[in-house]
Amino acid sequence: MKTLQDIGCPGKGNTGYDGRKGHNYLVVYDALFYQLRDKPITLLELGVHGGKSIEMWEQYFSQAKIVGVDNWADGIRPTKQFQDRVRIVTASVDEKIGDLFDETFDIIIDDASHQLDHQLIAFEKLHGKLREGGLYIIEDINSDQRRDLLVARLHSADFKTMTFDNRPYTVWPDSMMIVAYR
Ligand SMILES: C[S@@+](CC[C@H](N)C(=O)[O-])C[C@H]1O[C@@H](n2cnc3c(N)ncnc32)[C@H](O)[C@@H]1O
């Protein structure tokens, strides 16, 4: 069975979701998500861009329903046709983001603008959409100060947090993510 690295970073080259110069999140995600691979989970990702991560989740999770949200601020959209279990929504991360979804999610990943105000509003509006035992993940945090602000907010909502700081091992200064759970 392919690992998430095999799928998202084939050949460990520079291409794919987490190429050689990427954030090194995939090994963390594989450990966190492995037991969910063939379960009928629901996953929401904020930030689609060219669709690389959505494509990766589609391959990795055989039964998952996947929702991607993007306002296409970067001007790049996926060219690939996704399977029926993938839904792409055009919307911005703002106060109305929670109104977009009737469903709840097992995994929510925020990889949209990476701005603190957006990360906070997304959590504010979406953490109630997380299922029991679910994971709320914020990618690409670029400073200890910002991490501390986010962690404080997550803790105030009774979430526990794990921080994965990959900054020493990558070329990107924002290779830090928080995984939150209740
Ligand atoms: C880092 S890229 C996402 C990359 C994708 N998750 C991947 O790994 O392949 C960030 C995306 O967030 C979108 N974005 C930026 N600000 C946004 C906002 N306020 N609301 C929704 N999407 C936003 C951009 O258009 C861009 O496509």
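How many bridges join strand β1 to β4, and do the two strands run parallel or antiparallel? In this predicted model, 4 bridges join β1, which covers residues 42–46, to β4, and the two strands run parallel.

## Strand β4 and its partners

Strand β4 spans residues 105–110, and 6 of its 6 residues are buried, so the strand is largely enclosed by the rest of the structure. A residue counts as buried here if 20 or more other C-beta atoms lie within 10 Å of its own. On the side of β1, the pairing can be followed at a single position, since Leu43 has Ile107 of β4 as its bridge partner.

Strand β4 is also joined to β5, a strand made of residues 130–138, by 5 bridges, and this pair again runs parallel. Within this pairing, Ile108 stands opposite Tyr136 in β5. Between the two strands in the chain comes helix α4, residues 116–126, and together β4, α4 and β5 make a right-handed β-α-β unit.

## The whole sheet

The pairs described above belong to an open sheet of 7 strands, arranged in the order β3-β2-β1-β4-β5-β7-β6, with mixed pairing. At the edges stand β3 (86–90) and β6 (160–165), and each of them has a single partner strand, so one side of each is left without a neighbour in the sheet. If direction is ignored, neighbouring strands of this sheet are turned against each other by 15 degrees on average.

Strand β1 has a further partner in β2, residues 65–70, to which it is joined by 5 bridges in a parallel arrangement. Leu43, already met as the bridge partner of Ile107 in β4, stands opposite Ile66 in β2. Elsewhere, helix α5, residues 144–156, lies across β5, β6 and β7 (176–181), and this helix runs at about 5 degrees to β7.

## The surroundings of the ligand

Which residues come nearest to the ligand? There are 19 residues around the ligand, and of these Gly47, His49, Lys52, Ser53 and Ser113 come nearest. The residues of this shell divide into 7 nonpolar, 7 polar and 5 charged. Among the elements that contribute to the shell are helix α3 (52–60) and strand β2, each of which supplies at least two residues.

## Three residues in loops

Most residues other than glycine have a negative phi. Against that background, two positions deserve a look. His49, in the loop between β1 and α3, has a positive phi of about 55 degrees although it is not a glycine. With 18 C-beta neighbours inside 10 Å, His49 counts as partly exposed, and it is also one of the residues that come nearest to the ligand. The second position is Asp140, in the loop between β5 and α5, where phi is positive at about 60 degrees although the residue is not a glycine. Asp140 has 19 C-beta neighbours inside 10 Å and therefore counts as partly exposed.

Is Gln81 buried or exposed? Gln81, which is found in the loop between β2 and β3, has 6 other C-beta atoms within 10 Å and is therefore exposed. Between Gln81 and Leu126 there is a separation of 45 residues in sequence, while in space the two lie 27 Å apart, C-alpha to C-alpha.

Terms used: Residues numbered from 1 in each chain as written. Predicted model: local features only at pLDDT ≥ 70, side-chain atom pairs only at ≥ 80, totals over all residues. Buried ≥ 20, exposed ≤ 12 C-beta atoms within 10 Å, placed from the backbone. Pairing = 2+ DSSP bridges. Right-handed = clockwise from strand over helix to strand, strands pointing away. Axes fitted to C-alpha atoms, helices over the stretch in contact; angles between N-to-C directions. Contact = placed C-beta atoms within 7 Å. Near = placed C-beta within 6 Å. Nonpolar A, V, L, I, M, F, W, Y, C, P; charged D, E, K, R; others polar.
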